[in-house]
Amino acid sequence: MKILKFLAISAIFLGIIAVVLGFVFTKGDLNVIKAAFITDQNYEYVVHEGTDAVNDVYINVTINDVVFLKSDDETYKVEYYESEQDNFEFSVEEGKLSLKNTYQYKFRFFNFNFQSKEVKTIKVYLPLSYNKEIECISTTGDVIISDFNLEKITVKVTTGDISIKDTTVVTHITATSTTGNLTIENVNAVKLTIAATTGDTSIRNSNITNEVKVNASTGKITIDNVNTLRIDVVVSTGDIKINNVVCDDIDTRTTTGDIVMTLNGNENDFQVNLSTSTGSIKYQGIKSKGQIITSTGTKSIYAKTTTGNINIQIHN
């Protein structure tokens with residue numbers, strides 16, 4: 001047992017020395033260190049393109065960023081890099097464009113393998129008139145969707161960021177991330193549902209007809225310049241900031257964090273229920289402690305934090 005303990009301590013010590021020497025010789029440039037472990041030479045470029053009708057899109061990958069783009073015409077094109085260890089299954093069957101990834105993890109004592117941004121990125125070019133559903137799952141990687149008119153979007157990422165911009169969705173956007181930031185900007189949809197474990201969520205300059213629903217464990221929630229009927233935000237640890245919003249029904253809850261709102265509307269239209277256990281409340285410039293409740297109005301604002309401050313301002 002003593003020998004194993006000695007070997008373990010020695011390995012850690014040697015690792016620390018290697019890291020220090022690496023920083024010295026590269027002058028602290030982590031990109032130089034990372035470049036030494038890039039395995040792009042093991043990958044080859046693959047492209048699939050065609051004129052088959054596409055009515056559905058399903059992407060399921062392991063360690064890739066996925067970018068969705070519009071083609072210049074009615075063709076589709078999918079570009080990616082694959083290797084013996086990291087391969088893909090592509091198909092277009094009965095109108096469904098599908099790309100599935102199989103990544104074979106190989107155990108090595110020192111397993112520092114990286115792909116460059118180019119090799120890691122999958123580009124999915126959809127026909128110019130494509131307006132159906134996009135469903136994308138990525139274990140480790142970012143997902144970017146921009147400039148589309150779609151029926152539905154479903155994105156699930158374990159570790160990585162999600163970005164949906166300049167897009168109109170006829171029904172529902174669902175975005176789920178375990179570790180990563182979520183950005184929704186210049187979007188029109190009927191409903192937006194976001195679930196995040198660790199990471200910030202930003203929703204800006206958007207029209208969501210029915211509801212914006214955000215459930216997060218740790219992270220800052222920002223909703224700016226948004227029109228919707230209902231906002232429902234629940235976060236365990238993090239601030240909630242709602243600015244320049246038109247909404248009839250707002251429900252915000254955080255355990256540890258501040259809640260700040262600036263709403264467009266008439267103060268008399270809103271009944272409010274604001275409470276904090278440890279912190280202060282400011283409503284329409286008037287500061288108080290504990291709880292504020294008003295019972296008049298057909299619209300509602302509910303804000304509750306255990307440890308944090310609440311600041312609500314309503315103006316025409």
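## Confidence of the model

The mean pLDDT of the protein is 89, and 84% of its residues reach 70 or more; the structure is a predicted model, and its local features are best read together with these values. Over residues 32–38, however, the pLDDT is below 50, although this stretch still has ten contacts in the model beyond near neighbours in sequence.

Another stretch, residues 107–112, also stays under 50 in pLDDT, and for these residues the model has three contacts beyond four places in sequence.

## Backbone with positive phi

Most residues other than glycine have a negative phi. Asp166, which is not a glycine, nevertheless has a positive phi of about 50 degrees, and this residue lies within strand β12, which covers residues 162–169. Asp166 is partly exposed, because its relative accessible area of 40% falls between the limits of 20% and 50%.

Gln284 likewise has a positive phi, near 55 degrees, in a residue other than glycine. Its setting is a loop, the one between β20 (270–283) and β21 (286–293).

## Cysteines and disulfides

Cys136 has a relative accessibility of 0% and therefore counts as buried, the cut-off for that class being under 20%. Cys247 has a relative accessible area of 3%, so Cys247 is buried as well.

As for disulfides, the rule asks for a pair of cysteine sulfur atoms within 2.5 Å, and by this rule the count for the model comes to zero.

Notes
Residues numbered from 1 in each chain as written. Predicted model: local features only at pLDDT ≥ 70, side-chain atom pairs only at ≥ 80, totals over all residues. Heavy atoms only, no water. Buried < 20%, exposed > 50% of the residue type's maximum accessible area, 1.4 Å probe, protein only. Helix = DSSP H or I, 4+ residues; strand = E, 2+ residues; numbered from the N terminus. pLDDT = per-residue confidence, 0-100. Contact = heavy atoms within 4.5 Å.
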